[in-house]
Amino acid sequence: MTLIKGKKCPKCSKTDRIIEAEDKTKILYYNMQGSPVYKKQYKCGNCGHYFPTET
Ligand SMILES: [Zn+2]
C-alpha cells in the first residue's frame with residue numbers, strides 16, 4: 001500500500017490518507033508470469049471513495 005502525497009479526494013476534499021489501489025475491473029496487460037496488471041486508481045482512506053489517477 002502506497003501513501004500518495006499531494007492528491008485530494010474529490011468527495012471529502014481531504015489529502016492526508018490517499019492510497020494507491022488497483023482497479024480489478026480494468027486489466028491493462030498480463031506480465032511475463034501470466035499475472036494480470038491492473039490499472040491504478042486512488043482510494044481515499046477517510047471516506048473510502050475510489051477515484052481515477054488522471055484527475
Ligand atoms: Zn474522501
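Strands β2 and β3 pair in the antiparallel sense, over nine bridges. The model is predicted. Strand β2 covers residues 18–30, and β3 covers residues 36–44. One position in the register is A21, which stands opposite Q41 in β3. The two strands form a hairpin with five residues between them. In that hairpin, G34 takes a positive phi near 85°.

Now add the outer strands. Strand β1, residues 3–4, pairs with β2 in the antiparallel sense over two bridges. Here I4 stands opposite I18 in β2. On the other side of the sequence pattern comes β4, residues 50–52. Three bridges join β3 to β4, and this pair also runs antiparallel. Y42 stands opposite F51 in β4.

Put together, the result is an open sheet of four strands in the order β1-β2-β3-β4, with antiparallel pairing. Strands β1 and β4 stand at the edges and have a single partner strand each, so one side of each is left without a neighbour in the sheet. In general, strands of a sheet pair through backbone hydrogen bonds, either parallel or antiparallel.

The whole chain fits this picture. Its secondary structure comes to zero helices and four strands. Along the sequence the pattern reads β-β-β-β. The C-alpha atoms fill a box of roughly 40 × 15 × 15 Å, taken along the principal axes. Contacts between residues 24 or more positions apart make up 37% of those with a separation of 6 or more.

How much of the chain is buried? Of its 55 residues, 9% count as buried. Strand β2 shows this at the level of one element. Of its 13 residues, the number buried is one, so β2 lies largely in the open.

Y38 gives a close-up of the hairpin. This residue lies in strand β3. Is Y38 buried or partly exposed? Y38 has 15 C-beta neighbours inside 10 Å; a buried residue needs 20 or more and an exposed one has 12 or fewer, so Y38 counts as partly exposed. Setting aside neighbours within four places in sequence, Y38 is in contact with E22, D23, K24, K26, I27 and L28. I27 is 11 residues from Y38 in sequence, and their C-alpha atoms are 4.5 Å apart in space. As a general rule, side chains in a regular strand alternate between the two faces of the sheet.

Technical notes
Residues are numbered from 1 along each chain as its sequence is written. This is a predicted model: local features need pLDDT of at least 70, side-chain atom pairs count only at pLDDT 80 or more; totals for chains, interfaces and linings use all residues. Two residues are in contact if their C-beta atoms, placed from the backbone, lie within 7 Å. Two strands pair if DSSP finds at least two bridges between them.
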